[in-house]
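Reader: I would like a close look at a single part of the backbone, please, and I would be glad if you then set it in the context of the whole model. Please take your time over the details.

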Amino acid sequence: MKIKAVYTIFLFVALLILYVLSAAFTNFLKTEESVTAKLVTKETVFKAGNEIQLTFELNAQVFTELLLHYSYGTVLISSDLLDKPKFSIPEFIVNKKGMVSYTLFYESKNIYQSQFFIEANTTTPVQLESYIGPPSIIAGGNDYTMHVVVPTDTYDNPLPDSTAVILKHQFLDIVNERQVSSKDMLGWEQIFSYEESGQLLLSSQVKETYSKEHAIKVFPAFPEDFTISYMRKHRYADGNQVINFKTSIVNDQYGNSISDGTMVNFIVKNSSGKLLHTQGTIINGSAVAKMLHPDHEDTWEVKAYVYGMGESDKLSLSFAKVLEDFDVNFGKGNREIIVGPLKSFMGQLIPDGAMVKLDIYRGNKKIETKSESSSRGMVRFLLEEGFFGAGNYSFKIGSMGVHKEYDNIVIQ
Amino acid sequence: MIKWNRNIYRSFIIISFIGLVIVMLFGIGQALSYLNTGADRTAMLHLTLNKKPVYFPKTSWNDTINPGRPIEKQTLLDIKRDYLNAWYVRNIAYQMNTIDGVADYFTKSARKNIYKTMLFNKKENVTIHGTTINHNLHLDFYSADGQLVVISDIGVKEYQRTYKEDVVLVENKTRSNYQVMLMLEDGFWRIRHMVKKNKNEILDSTQRLSTQAKVVGDNIYVDEKEFQIKGINYYPQQTPWDMFGDYFDTTVIQKDFEIIKKAGLNTIRIFVSYEDFGKETVNSTKVNRLQQVLSSAEKAGIKVIVTLFDFYGEYSVLNWTLTHRHAEQIIRSLKDHKAILAWDIKNEPNLDFDSRGKENVLSWLDEMIDQIRVFDPNHLITIGWSDPESAALLKDKVDFVSFHYYREQQDFENVYNKLTEKIDKPLVLQEFGISSNRSLLNPFGYSEKGQAIYHQKFQENIQKRDIHYLSWTLYDFIKIPNDVSGSLPWRKQKQKYFGFIDASGNKKPAFEFISE
């Protein structure tokens with residue numbers, strides 16, 4: 001019995017040693033043997049949106065992970081199966097065109113590395129994005145707009161190069177169509193303006209998909225030189241009437257009349273060399289500007305400009321004197337000065353508002369200038385006691401180009 | 001008692017009234033400031049954005065000829081800036097699993113892809129720390145109205161480190177080609193389409209054309225002659241750890257170089273501080289001073305090992321490109337300098353393993369070696385490991401292996417023998433020495449005599465095996481900055497007395513054994 005017990009213990013110990021050894025040995029084997037993988041999936045090119053599964057065959061039952069690097073980022077996916085891991089590529093990667101590089105990892109060690117391609121899915125309906133600009137161009141064939149069309153599949157992937165893109169445009173009676181091959185994700189065309197101004201309509205088509213209608217404004221080109229004319233009620237310099245200046249129809253070199261709102265500046269040079277200025281905007285091809293008649297005899301030279309682009313011929317006109325002379329009466333101890341009646345070209349009283357200027361001098365020194373506008377042909381100046389003490393004054397009175405002087409007037 | 005109660009009620013009412021007023025004022029203020037957001041001009045025009053670039057991969061416009069229309073220089077700059085920003089916000093999105101800023105640089109349809117990818121990773125608890133190293137941009141198309149471009153980005157070198165539940169899983173480097181469509185929206189060039197394209201093999205332009213220094217087997221060669229490094233780590237006596245600062249003086253440095261040369265040494269090691277030299281926008285004055293030092297060394301017949309990135313400690317993947325630009329600016333301007341023997345990328349980077357993560361530090365060093373090889377094919381590259389145990393790290397990438405040894409002198413031979421078994425490249429004992437800081441406070445420290453004996457014995461070792469060496473250091477210092485050895489007085493005190501020459505300029509006994 002005793003011996004038996006010894007044997008069993010011995011056997012037990014021997015088994016234990018064997019077990020430990022074998023465990024150590026298998027462990028040793030495990031670490032030595034490197035895990036290798038083989039790709040089972042044959043395809044390397046897929047269409048966007050289609051399911052993709054990558055299957056590998058491993059030589060060991062280990063847990064592996066797959067790192068995917070695609071156009072928009074990197075993700076890590078894992079598989080439950082150990083010896084034959086199958087990885088389903090997430091939908092958001094499957095849907096996007098481009099190369100997907102992947103690396104199969106086992107315990108941070110790269111055991112398989114390759115890539116597959118996802119192509120735009122040309123079987124899905126085409127989506128079009130059109131970009132057109134500039135939105136307004138100038139007539140005459142030098143300026144152009146560009147029509148860019150980006151055709152994509154349903155998953156928002158640009159269609160492959162050499163996709164046929166049909167670009168169309170309409171202008172007046174012209175309807176044009178051109179087919180281009182897409183390159184670098186897009187198809188494009190330059191559309192040069194025609195000689196006429198107007199509206200250009202653009203559209204495009206890829207396969208069965210038609211785009212919306214897009215409009216481009218074609219504005220007239222730069223104005224050519226033009227002529228101006230004037231209109232006035234009479235030729236007298238009464239400082240009261242308004243004279244109108246008008247341009248001829250302003251055209252560009254192709255005969256398009258210039259757009260409404262274009263500013264025309266009229267410059268008037270009077271006989272004393274001063275420049276007067278008025279302006280108008282073009283409406284229906286011509287511009288009108290207004291100016292008040294001068295209040296004295298004068299000759300004007302008028303020229304109009306669209307600055308930097310076109311200018312008019314020179315226009316010359318003169319204004320006749322309306323006032324020959326006027327009376328001046330002193331009263332109330334010379335403190336009241338009454339000018340008038342001011343009579344116009346037919347002897348009528350000058351319309352209200354004619355300016356009369358009074359310069360007051362005391363001992364060769366101008367002490368004040370008073371201006372009043374006429375009412376019923378008359379103007380009255382009052383020299384108040386508080387401001388003008390008693391003494392000897394001189395006056396200069398002027399109106400509508402007539403000047404009169406009164407010296408040594410004694411004010412009480 | 002009643003009076004008391006009344007007072008309590010009173011104060012309660014007054015306090016609650018004041019509180020109510022405060023809350024109301026605060027509420028009104030918040031409402032007003034909310035209504036103001038987006039209305040101010042700086043926000044509308046994005047003037048406050050892009051103030052300071054934070055992402056600097058090497059980027060160039062290689063080809064801007066395109067069928068659409070000629071492109072303006074400013075537009076090229078704008079596109080480049082916004083395109084890089086797009087990569088930056090994308091990197092951040094995957095690193096933090098957030099979407100901050102993505103909307104600014106991707107159009108509505110494009111950003112969906114980023115969001116989906118980010119959410120997938122977030123669900124799996126995966127974060128990806130990534131950066132791009134370079135971009136080579138080609139303009140494929142620019143539309144007439146200047147609102148749309150298509151560019152190709154060829155040979156984009158990307159580095160990514162994937163973490164799952166904050167554990168590093170894998171690290172990978174890829175080179176990819178992208179074609180990208182961008183649109184000008186809201187003042188931003190936003191990515192509309194991004195397609196990763198077929199790889200075409202790009203040859204790395206890292207061929208070594210001319211070399212002033214090279215390594216063959218165990219030996220270092222300079223100008224085709226075998227070179228034995230007998231050197232010393234150098235700081236001027238007055239300005240330790242601030243060699244290129246306001247007190248920079250070439251006459252002092254020149255004199256020191258003469259002392260070093262006369263002492264029989266042929267090499268020095270100097271330090272370039274990352275921050276001090278201006279980080280990603282390198283300060284040209286400092287580079288100029290470095291150049292003067294190198295020229296003085298050349299005149300004195302001394303070779304220089306330049307240690308870069310001193311006191312740099314960021315290492316994060318997103319920070320890489322900034323350090324690349326730092327290195328590029330310094331190295332490109334000095335790459336032909338005859339005085340340089342080697343670039344030491346970083347002093348004792350292994351000390352940052354614990355605080356910054358070993359994988360962060362090593363991958364940063366790894367990439368930096370590749371970068372420097374491109375910037376300067378003429379000189380050698382090494383890393384100054386602080387202990388012999390770290391020396392084998394990245395040994396296949398450096399030209400020679402440097403390590404520091406501050407342990408018992410008698411163990412050195414053993415350690416060195418072990419290293420030679422592991423490493424088949426030249427080994428450089430880049431720092432060693434002992435402080436003669438025996439004093440009343442530190443009775444067990446070495447005396448100046450003890451220091452001399454230590455160096456004498458070391459020189460015997462060195463001679464026996466023909467070891468490349470650089471000792472620490474020429475001078476005793478009076479002031480040690482806190483960054484160097486901490487603020488503890490006994491540590492600082494020790495750091496002051498490593499020199500062969502004392503603070504007042506007298507040669508210590510050890511000077512006799514500064515070289516063999």
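Author: A:Pro341 has its place in the loop of chain A that runs between β27 (336-339) and β28 (355-362). The model is a predicted one, and in it the peptide bond joining A:Gly340 and A:Pro341 is cis, with omega at about 5°. On the other side of β28, in the loop between that strand and β29 (365-373) of chain A, lies A:Asn364, which has a positive phi of about 65° although it is not a glycine. Both features deserve attention because most residues other than glycine have a negative phi, and most peptide bonds are trans.

Chain B offers a cis bond as well, since the peptide bond from B:Trp472 to B:Thr473 is cis, with omega near -5°. Here B:Thr473 sits in the loop that separates β16 (468-471) from α13 (482-485) of chain B.

From the backbone we can turn to the rings, where a search of the whole structure finds 53 aromatic pairs over all chains. One of the pairs is B:Tyr55 with B:Tyr88, whose ring centres are 5.4 Å apart and whose planes stand at 45°, so the pair is tilted. B:Tyr55 belongs to the loop between α2 (41-44) and β1 (58-63) of chain B, while B:Tyr88 belongs to helix α3 (residues 73-96) of chain B, so the pair ties together parts that are 33 residues apart in sequence. As for the broader layout of chain B, the domain assignment gives domain 1 (2-37), domain 2 (58-197) and domain 3 (213-513), and the C-alpha centres of domain 1 and domain 2 of chain B lie 51 Å apart.

It remains to set the two chains together: 40 residues of chain A are in contact with 47 residues of chain B, and the area buried between chain A and chain B is about 3,600 Å², with carbon and sulfur atoms giving 61% of that area. Across the interface of chain A and chain B there are 3 salt bridges, among them the one in which the side chains of B:Lys164 and A:Glu65 meet at 3.3 Å, N to O. The elements giving two or more residues to the side of chain A that touches chain B include β4 (65-70), β5 (73-78) and β8 (109-119) of chain A, and β5 of chain A gives the most, with 6 residues. By kind, the residues on this side of chain A divide into 22 nonpolar, 12 polar and 6 charged.

How values were computed. Residues are numbered from 1 along each chain as its sequence is written. Chains are lettered from A and ligands numbered from 1 in the order in which they are written. This is a predicted model: local features need pLDDT of at least 70, side-chain atom pairs count only at pLDDT 80 or more; totals for chains, interfaces and linings use all residues. Side-chain values use heavy atoms; hydrogens and water are left out. Contact means heavy atoms within 4.5 Å. Buried area is the accessible area (1.4 Å probe) that two parts lose on being put together, summed over both. A salt bridge is a side-chain nitrogen of Lys or Arg within 4 Å of a carboxyl oxygen of Asp or Glu. Helices (H or I, at least four residues) and strands (E, at least two) are DSSP runs, numbered from the N terminus. Ala, Val, Leu, Ile, Met, Phe, Trp, Tyr, Cys and Pro count as nonpolar, Asp, Glu, Lys and Arg as charged, and the others, Gly among them, as polar. Domain bounds come from an automatic or database domain assignment. Rings of Phe, Tyr and Trp (its six-membered ring) pair if their centres lie within 6.5 Å; planes under 30 degrees apart count as stacked, over 60 as edge-to-face and the rest as tilted.
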